[in-house]
Amino acid sequence: MDDMLLTVMAYNRLKNKTHISEFYLLGLSDDPELQPTLFWLFLSMYLITVLGNLLIILAVTTDLHLHTPMYFFLSILCWSDICFTSTTVPKMLADIQTHSRAISFAGCLTQMSVFLIFGCMDVMLLTAMAYDHFVAICHPLNYPLIMNPHLCVSLVLLSLFASFLEGEVHVWMALQMTDFKELEIPTFFCDTSQVLSLSCKVTLTNDFFKYIFGTIYNFLPILGILFSYYKIISSVLSMSSSSGKSKAFSTCGSHLYVVCLFFGTSLGVYFESAVSHSPRCSAVSSVMYTVVTPVLNPFIYSQRNRDLK
């Protein structure tokens with residue numbers, strides 16, 4: 001009888017461990033006195049992000065002079081940045097106000113999926129914008145023919161499809177996890193790498209998909225952007241007119257700033273998490289590309305672009 005009772009208790013513990021109901025987000029700080037400061041700081045940054053990107057979208061949609069492929073991609077990027085930030089910041093603000101760090105298992109996977117979708121959208125759109133600049137500077141006579149509305153819409157739809165695919169694959173990978181080492185996520189949102197690292201088992205299938213999608217969605221876009229700017233710089237340096245060089249660099253200057261900011265902060269977080277063993281350091285570093293980058297993008301594009309001033 002005692003053996004049967006112990007078996008039932010062990011089964012219940014295993015069942016509870018396997019079928020978890022929620023995770024716990026550690027956030028940025030446990031200091032109660034710091035919570036109001038964090039709340040107002042991130043609320044103001046979130047409102048600036050939403051307002052700034054909405055103003056760019058409004059300007060692009062209402063001004064006929066801005067109905068070009070470059071500004072079409074920019075307006076989609078602004079929309080993606082709003083959704084990207086809205087995936088994480090409102091939840092963090094709600095957690096600060098309610099003094100709760102819990103997030104349901106389904107809610108965590110949903111946040112992880114949506115975060116991946118719009119993060120990937122940013123990468124794909126930045127790559128499409130680099131191609132647009134490449135065609136505009138290296139093939140100016142064929143630019144209207146190449147960058148036609150059909151191609152622009154197709155690139156956006158392809159980016160959206162690829163982003164949904166990445167999000168769904170990572171959710172599928174998370175659903176394969178059965179045993180968890182712990183239920184605490186050492187950041188303020190359900191970051192993919194942090195969630196997958198909670199699994200007790202490391203499967204070859206998950207590693208395979210992780211490296212394949214990492215190559216497709218990170219290495220190939222970076223390679224495409226580098227190639228585009230290599231051709232752009234080569235074409236600009238061959239120009240004899242100094243005014244032509246200045247105009248060419250001003251055309252792609254804001255995009256280059258945003259690319260460096262986005263990929264620079266993302267790689268910084270990756271290397272920080274690989275080198276540092278402090279969960280708090282990784283959480284603070286992740287603020288750079290999840291919150292700071294989207295809030296700076298409208299300022300970069302509006303300050304370095306004459307048409308948007």
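Is Phe 118 buried or exposed? I looked this up before anything else: Phe 118 is buried, at a relative accessible area of 13%. A reminder to myself: I am reading a predicted model here.

**Entry: aromatic pairs**

I went on to the ring pairs and found a count of nine aromatic pairs. One of them joins Trp 79 and Phe 118, with ring centres 5.5 Å apart and planes at 80 degrees, so I noted this pair as edge-to-face. The cut-off for that label is an angle over 60 degrees. Trp 79 sits in helix H3 (residues 69-86) and Phe 118 in helix H5 (residues 105-138), so this pair links distant parts of the chain, 39 residues apart. I also checked the cover on Trp 79: this residue is partly exposed, with a relative accessible area of 39%.

Next I looked at Phe 84 and Phe 115. Their ring centres lie 4.8 Å apart and their planes are at 25 degrees, so I wrote this pair down as stacked. Phe 84 belongs to helix H3 and Phe 115 to helix H5, so the pair ties together parts that are 31 residues apart in sequence. Phe 84 and Phe 115 are both buried. I then found that they form one aromatic cluster with Phe 188 and Phe 189.

**Entry: Ser 159**

Which residues does Ser 159 touch, leaving aside those up to four places away in sequence? I found Met 121, Met 124 and Leu 125. I placed Ser 159 in helix H7 (residues 149-175). Its relative accessibility is 6%, and because the limit for buried is under 20%, I count Ser 159 as buried. Met 121 is 38 residues from Ser 159 in sequence, yet their C-alpha atoms are 5.9 Å apart in space. I also saw that a polar atom of the Ser 159 side chain lies 2.8 Å from the backbone oxygen of Leu 155.

**Entry: His 99**

Where is His 99? I found this residue in the loop between helix H4 (89-98) and strand E2 (102-104). Its phi is near 55 degrees, a positive value in a residue other than glycine. His 99 is exposed, with a relative accessible area of 69%.

**Entry: a nonpolar patch**

Last, I turned to the surface. Ile 212, Ile 216, Phe 219, Leu 220 and Leu 223 form a nonpolar patch there, and together they have about 440 Å² of accessible area. I followed up on Ile 212, which lies in helix H9 (residues 204-237). Ile 212 is partly exposed, at a relative accessible area of 35%.

Key
Residues numbered from 1 in each chain as written. Predicted model: local features only at pLDDT ≥ 70, side-chain atom pairs only at ≥ 80, totals over all residues. Heavy atoms only, no water. Helix = DSSP H or I, 4+ residues; strand = E, 2+ residues; numbered from the N terminus. Buried < 20%, exposed > 50% of the residue type's maximum accessible area, 1.4 Å probe, protein only. Contact = heavy atoms within 4.5 Å. Polar contact = N/O pair within 3.5 Å; in protein donor to acceptor, adjacent residues only side chain to side chain. Patch = residues over 30% accessible without salt bridge, like charges linked within 9 Å, V, L, I, M, F, W, Y side chains within 5 Å. Areas by Shrake-Rupley, 256 points an atom, 1.4 Å probe, with all protein chains shown as cover. Salt bridge = Lys/Arg side-chain N within 4 Å of Asp/Glu carboxyl O. Phe/Tyr/Trp six-rings, centres within 6.5 Å; stacked < 30°, edge-to-face > 60°.
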